[in-house]
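Open the model in your viewer and keep the selection tool at hand. The stops below go from the whole chain to single side chains.

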Amino acid sequence: ATSPPFQICTEVLRVNKQIYHESVNTLYASNMFVRLSLYNDDVHWTHSLLEGTELGFVCSNPTLVAKLKGHALDVRLIQEKSKILRCQVVFPAIFLPRFLNFLQTMCDALPKWGREHAIHLHLRQKYRTSPMATESLLLEPWRSLHVIQSVVVGTSIVAPDYANGLRTSMMTHFHPDKWLQSLVKLKDIAIQDFAKGHSQDALNHCMYAHSDVSSFPIFYRDISPRQP
């Protein structure tokens, strides 16, 4: 069974406009949301994906979804460079692992699936006070995907070095040596920042490296011996 996605009663937002405007910030401050945009030329592909991931959070008014500003992460899943937006879905971030598990299953079952899709990730909000908390929850799990045709990671509030490392990880097969090299690079950058007196930048790069290490079990199965 799935645990309730919210710690507050969302029905209260429908009482009237005044209560909505007074309460909606509490909803966004205590819960992280993901907006998923699906681009493809085949409507059946969209239905299959939504059914497979069991993401039933579809808004009856697409205009409202397009205007949404309180969500934490924007995700675009594009099939074969399609420019047709089939639908947009908003769901609580606690269901992101379910979505990623489905995509990972597709990549494993259909080797060409990743080469036919592009993924765009844009982090819009940071809700937690500790460094890298939002990235660890919303971006690191995407490292479980590999050999994706094209990956874009927005850098408006994400460090370019971290974004490039995530992008490279998702577009290639996992190699332990390259992974370790990326950690060494982050360490060297942190040392350089500290030497220049940029202590906050140095701390951020240390946190990026720590986040990479923390996410290692997600894709460790790619190199571990298969159990009989």
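What pattern does the protein follow when read along the sequence? Colour this predicted model by secondary structure and trace the chain: the pattern is α-β-α-α-β-β-α-β-α-β-α-α-α-α. In total there are 9 helices and 5 strands.

**Whole chain**

Stay with the full view for a moment. The protein has 228 residues, and 42% of them count as buried. Switch on the surface: the accessible area is about 13200 Å², with 56% of it belonging to carbon and sulfur atoms. Among contacts with a separation of 6 or more, 79% are between residues 24 or more positions apart.

**Helix α4**

Next, select residues 96–109, which make up helix α4. This helix has 14 residues and spans 20 Å from its first C-alpha to its last, close to the 20 Å expected at 1.5 Å a residue. Show the side chains of Leu-96, Phe-99, Leu-100, Phe-102, Leu-103, Gln-104 and Cys-107; these residues of α4 are buried.

What do the buried residues of α4 pack against? Add the strands β1 (33–39), β2 (73–79) and β3 (85–92) to the selection, then the helices α2 (43–53) and α5 (133–138); the buried residues of α4 pack against each of these elements.

**Salt bridges**

Side chains of opposite charge can pair when their charged atoms come close. The count for this model is 4 salt bridges.

Begin with Asp-74 and Arg-35, whose side chains form a salt bridge at 2.8 Å, N to O. Asp-74 lies in strand β2 and Arg-35 in strand β1, so this pair, 39 residues apart, links distant parts of the chain. Both Asp-74 and Arg-35 are buried. Now add Arg-124: Arg-35, Asp-74 and Arg-124 are linked in a network of salt bridges.

Move on to Arg-143 and Glu-140. Their side chains also meet in a salt bridge, 2.8 Å from N to O. Is Glu-140 buried or exposed? Glu-140 counts as buried because its relative accessible area is 2%, under the 20% cut-off. Arg-143, at 5% relative accessibility, counts as buried too.

Finish at Lys-112 and Glu-116. These two form a salt bridge in which the closest N and O atoms are 4.0 Å apart; the cut-off for a salt bridge is 4 Å.

How values were computed:
Residues numbered from 1 in each chain as written. Predicted model: local features only at pLDDT ≥ 70, side-chain atom pairs only at ≥ 80, totals over all residues. Heavy atoms only, no water. Helix = DSSP H or I, 4+ residues; strand = E, 2+ residues; numbered from the N terminus. Expected span 1.5 Å × (residues − 1). Buried < 20%, exposed > 50% of the residue type's maximum accessible area, 1.4 Å probe, protein only. Contact = heavy atoms within 4.5 Å. Areas by Shrake-Rupley, 256 points an atom, 1.4 Å probe, with all protein chains shown as cover.
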